[in-house]
Amino acid sequence: MPLEVAVAGRVMTRRVMGKLAFFTLSDETGPIQLFLEKLALGEAFTQLTSLVDAGDLIGVKGTLRRTDRGELSVRVSEWQMLSKALQPLPDKWHGLADVEKRYRQRYLDLIVTPQSRETFRRRALAVRTIRRWLEDRQFLEIETPVLQSEAGGADARPFTTHHNTLDLPLFLRIATELHLKRLVVGGFERVFELGRIFRNEGVSTRHNPEFTSVEVYQAYADYYDMLELTEQLIAAVTLEVCGSTALTYQEVAIDLTPPWRRATMHELVQEATGLDFNAFPDRETAAAAMAAAGLEVPATATSVGRLLNEAFEQRVEAQLIQPTFVLDYPLEISPLARAHRSKPGLVERFELFIAGRETANAFSELIDPIDQRQRLEAQQERRLAGDLEAQGVDEDFLMALEVGMPPTGGLGIGIDRLVMLLTDSASIRDVIAFPLLRPEGRSG
RNA sequence: GGGUCGCUAGCUCAGCGGUAGAGCAUUCGGCUUUUAACCGAUUGGUCCUGAGUUCGAAUCUCAGGCGACCCA
């Protein structure tokens with residue numbers, strides 16, 4: 001007995017030859033061929049071949065069979081129009097080649113570009129894996145405000161908005177950090193938030209003004225604990241999404257099998273430039289040495305530490321293709337990180353670089369309210385001096401620290417960049433379903 | 001922000017100073033094992049927008065719009 005089936009989906013292609021026709025019907029699970037015979041269908045055959053266009057959504061009933069060429073097909077006995085497409089599908093062979101159209105009309109892209117569908121499935125799998133991995137380790141997911149009176153926790157310009165009834169200016173969050181730390185003060189010892197962050201900055205292949213991060217805080221832990229956590233978490237996600245901890249990104253082999261390289265910023269800069277920043281007593285000495293080595297010395301880099309970071313960005317970052325933990329950052333560029341236990345002028349912080357891109361950022365959190373106040377006040381001064389990305393003083397956050405915060409390790413991972421890596425996507429827009437684009441220009 | 005490139009039919013593209021084109025899609029006809037079906041015919045245009053040069057501009061120049069890539 002032939003198997004009776006009912007299927008629904010979108011007609012992708014039509015091949016009509018007189019009294020016989022083949023349609024390709026696709027649903028989310030993939031395509032199947034419809035086998036249509038005039039002899040069996042009668043009037044319905046004429047309707048199907050004359051009324052149904054590529055792009056229409058139809059439902060059919062029939063029996064499963066293989067054609068002479070071996071293609072699994074539904075031999076249709078009944079059909080129903082489910083939704084008529086008024087717009088034609090993009091070219092069935094070339095698909096949507098225009099990347100702008102792919103972003104503006106993502107629905108078309110998803111219909112005709114299997115790889116695009118696969119990217120968003122993998123993104124969902126990556127997010128699901130991260131969430132489960134953390135929950136399995138007793139981390140509690142808590143949502144914190146997007147609308148805030150003071151946007152802190154990162155060096156970035158916020159979006160501004162306004163609450164009408166309260167007549168209150170508000171900012172969209174640029175990080176989840178300061179609220180998650182309040183939760184740690186409140187006694188939640190393992191918390192995380194996986195959510196949207198908004199930064200009022202430029203758009204590029206690596207930046208979208210709204211993007212997704214996961215921030216993780218663990219009480220009674222330090223940045224070494226977060227380093228282990230980061231390594232294990234990302235390796236687990238990679239294994240789940242890619243089936244292996246080794247992958248190819250933009251034709252470069254990247255091996256995420258732990259353990260990953262760990263090196264201090266000083267070591268990496270010295271390796272790349274020959275400059276030992278530990279040997280520079282003041283900014284002028286460091287600046288002269290940098291200039292002699294052919295590096296740019298921006299006037300905004302006002303300390304040895306900032307110059308070190310400049311040298312790192314100019315000569316090291318892009319070279320860090322294999323996963324590398326960069327340890328021990330200058331204190332002045334890390335206002336929320338705890339001073340290093342043994343290295344003056346540095347903090348207990350690492351950033352993870354993969355494929356030349358910052359993928360994670362973590363520290364032993366600064367929990368000393370007095371030190372924190374001084375650091376934020378220094379930030380405030382920079383802001384008043386015109387640095388629009390400098391942070392302000394969040395009094396409520398400082399009040400929370402004054403209540404007493406346990407020593408805590410904190411971590412942030414950029415989900416979009418991680419997903420780019422896992423899906424071999426060249427642009428962040430390829431992993432965001434609806435990336436920000438300018439509205440299409442109208443004449444005049 | 002700077003540089004390079006792109007924008008022509010619903011889609012993919014050619015045309016680069018002299019009548020606006022092809023393939024696919026649409027519409028019509030033919031065809032009972034196709035799968036980029038095939039064959040014949042048909043339809044479809046603010047050549048991104050505006051100004052300029054020219055007898056004549058999709059084509060050259062300038063300005064603008066949107067996008068891609070590279071750089072900062």
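**Exercises: an RNA strand and two cores**

By class, 15 nonpolar, 8 polar and 17 charged residues make up the surface near RNA strand B (near: a heavy atom within 4 Å). This is a predicted model, in which local features need pLDDT of at least 70 and side-chain atom pairs pLDDT 80 or more, while totals for chains, interfaces and linings use all residues. Residues are numbered from 1 along each chain, chains are lettered from A, and side-chain values use heavy atoms, without hydrogens and water.

**Exercise 1.** Find which residues come nearest to RNA strand B, and which part of the strand they meet.

*Solution.* Start with the 40 residues around the strand: T67, R69, D91, K92 and E100 come nearest. Next, look at the RNA side, where sugar and phosphate account for 63% of the atoms within 4 Å of the protein. Then take single atom pairs: a backbone N or O atom of D91 is 2.7 Å from a sugar or linking oxygen. The bases take part too, with a base oxygen 2.7 Å from a side-chain N or O atom of R15. Finally, ask which element gives the most to this surface: helix 3, with 5 residues (helices are DSSP runs of H or I, at least four residues).

**Exercise 2.** Locate the largest nonpolar core and explore F312.

*Solution.* A nonpolar core joins buried residues (under 20% relative accessible area, 1.4 Å probe, protein chains only) of nine kinds, Ala, Val, Leu, Ile, Met, Phe, Trp, Tyr and Cys, through side-chain atoms within 4.5 Å. The largest has 45 residues, and F312 is among those with the most contacts inside it. Among the residues that F312 touches (heavy atoms within 4.5 Å) are V269, V326 and Y329. Apart from this core lies another, of 43 residues, including W260.

Key: A polar contact is a pair of N or O atoms within 3.5 Å; within protein, one must be able to donate a hydrogen and the other to accept it, and residues adjacent in sequence count only if both atoms are side-chain atoms. Helices (H or I, at least four residues) and strands (E, at least two) are DSSP runs, numbered from the N terminus. Ala, Val, Leu, Ile, Met, Phe, Trp, Tyr, Cys and Pro count as nonpolar, Asp, Glu, Lys and Arg as charged, and the others, Gly among them, as polar. Buried means under 20% relative accessible area, exposed over 50%, partly exposed in between (1.4 Å probe, protein chains only). Lists of a residue's contacts leave out its neighbours within four places in sequence.
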